[in-house]
Each structure stands twice: as C-alpha cells, then as structure tokens.
Amino acid sequence: MDLASRLKSAMARLGITQLDLSRAVGVSAPSVHGWLSGRSQSIRGETLLKVARTLGVSPEWLASGEGTIDDGPDPAPLSASETPPGYLRLELLEGGAGMGQGIVNEEYPEVIRSMDYAEWDIRQKLGFLPQPGRLKLITGRGPSMAPIIDNGDVVMVDTGVNYYDGDAIYVINIGGETQIKGLQRRADGVYIVSANALFPPYLAPDDLFIAGKAVVQYSAKKIA
C-alpha cells in the first residue's frame, strides 16, 4: 500500500474530504491532491505529524506503511478539563437565550454545557479556525425563531463578531435579557426580526448589545 492508498483509507474511516484535510492541516489543496494522486511520495516533519493526528493514525504507518494503522503509542489519559489534540473546546456563553420576549438566563438549565469540536470541521463550516475561547454555546428558548432555531436547540456563537455584520442571526442583549434574533438593516435603521411571522419586527433600541453572531445550530428535535 503506497502513501496515497494509506491516506485514502484513513480519510475514508473519518469520512473527511480532501478540502477538509487541507484546512485541518493548514496546507494547500494542491499539496493534498499531490499526496492522493501519487505525485508526492512522502510527507515529512511537522506536516506528517499534523496529518497523522488529524486522521487519528500512527505517523510511522502513514509515512512508511510499517506497523498497523493504529499502532502508535497510547496517548496519556486526558483530564476532564483537557481538550484532545485536533479539537477545540466550546464552552457556555452565559446560559439560555430567549426567542420570544427574552429570558433571564440563570432560570433555565442548560442542554449542553461544553463540547469538544473537531478543528477540521470548524474550518469547513466557518472557513477559518478561531482562537480558543472565541466560539461559545448557547441554548435557544421560545418559539420566535422557529423553524430555523427551535426551543431547546443549541447554537454555536462567534463572540468575535460583537457588532452588526450584515443581515444575520445574532445573540443580543436588551435590558438585561439575552435573545437570539435576526438583525436586518432597513431604510430607517436596524430592525430586530424573527423567523416566526407571529412576532413582528421592531426597530432596535439604543441599548442593544450584540454578544455574538450565530454560526451553527444543533437541533434538539426528537427522532420518532
């Protein structure tokens, strides 16, 4: 089995694409294509270690085919607070966010408090890998953003976007109440809008604070 075959086998195990691997390792797409096409017969140095870590395989096996795909040394046990290599830990923003009239966050239990998320998938979804701590999680409460975001859904928030960045869905705070709402610029200003037609849009007040931009949503829908 040559390098290209080993790479394809390892990628197939994880279900990742050439572009996923390129973004996760931080190399160009043509470089990955060269490995997979057989034009490049080796991966060396730090790049080899990054590729092996991303694919969860032994660097020795990846480089030479010697040993088995998983024959690397057993990793040291991770503590409860340690993030596995190749993952980014997402922590809670500050609780639930109302999708109606707004809520006081601490009154509601959390659906998910933290999540270790694969760096390659974040790169794929966002187009870049943020610094640790920038992405946060928040639970949506209420009906106003349905069917886009339903009650109990968990939303990934980019807290680096704490300003109006075009029409999109944001986590906002008004009068001490945190909400997940759309912001839309109109002729007379920025409006707060809902996906649910039962909640009419209204002009954003002066005390509007943008806590972040909603970038990914995870549904809490029950599977029948």
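Which side chain makes a polar contact with the side chain of Lys181? That of Ser194, at 2.8 Å. A polar contact is a pair of N or O atoms within 3.5 Å; within protein, one must be able to donate a hydrogen and the other to accept it, and residues adjacent in sequence count only if both atoms are side-chain atoms.

This is a predicted model: local features need pLDDT of at least 70, side-chain atom pairs count only at pLDDT 80 or more, and totals for chains, interfaces and linings use all residues. Residues are numbered from 1 along each chain as its sequence is written, and side-chain values use heavy atoms, with hydrogens and water left out.

**A lysine without a salt bridge**

Lys181 sits in strand S6 (residues 177–186). Strands (E, at least two residues) and helices (H or I, at least four) are DSSP runs, numbered from the N terminus. Lys181 is buried but has no salt bridge. Buried means under 20% relative accessible area, exposed means over 50%, and partly exposed lies in between (1.4 Å probe, protein chains only). A salt bridge needs a side-chain nitrogen of Lys or Arg within 4 Å of a carboxyl oxygen of Asp or Glu. For Lys181, the nearest side chain of opposite charge is Glu177, 9.9 Å away. Here Lys and Arg count as positive and Asp and Glu as negative; His and the chain ends are not counted.

**Salt bridges**

Side chains of opposite charge can pair when their charged atoms come close. The whole structure holds four salt bridges. Among them are these:

| Pair | Closest N to O distance |
|---|---|
| Arg89 and Asp116 | 2.6 Å |
| Asp121 and Lys125 | 2.6 Å |
| Asp165 and Lys213 | 3.3 Å |

Take Asp165 and Lys213, which meet in a salt bridge. Asp165 lies in the loop between S4 and S5 and Lys213 in strand S9, so the pair ties together parts that are 48 residues apart in sequence. Asp165 is partly exposed, at 36% relative accessibility.

Next come Arg89 and Asp116, also joined by a salt bridge. This pair links distant parts of the chain, 27 residues apart: Arg89 is in strand S1 (residues 87–98) and Asp116 in strand S2 (residues 114–118). Arg89 is buried, at 18% relative accessible area. Asp116 is partly exposed, at 31%.

Asp121 and Lys125 both belong to helix H6 (residues 119–126). They are four residues apart, so about one helical turn separates them. Asp121 is buried at 12% relative accessibility, while Lys125 is partly exposed at 44%.

Helix H6 also holds Glu119. Glu119 counts as buried, at 18% relative accessibility. Its C-alpha atom is 5.7 Å from that of Gly86, although the two residues are 33 apart along the chain.

**Strand pairing**

Two strands pair if DSSP finds at least two bridges between them. Strand S4 (residues 154–158) pairs with strand S9 (residues 209–218) in the antiparallel sense, over five bridges. Val157 has Ala214 in S9 as its bridge partner. Strand S5 (residues 168–174) pairs with S9 too, in the antiparallel sense over four bridges. Asn173 stands opposite Phe209 in S9.

**A ring and a proline**

Arg186 lies over the face of Tyr191, 4.8 Å from the ring centre. A charge sits over a ring if NZ of Lys or CZ of Arg is within 6 Å of the ring centre and within 35 degrees of the ring normal.

Most peptide bonds are trans. The bond joining Ala146 and Pro147 is cis, with omega about 10°. Pro147 lies in the loop between strand S3 (135–141) and S4.
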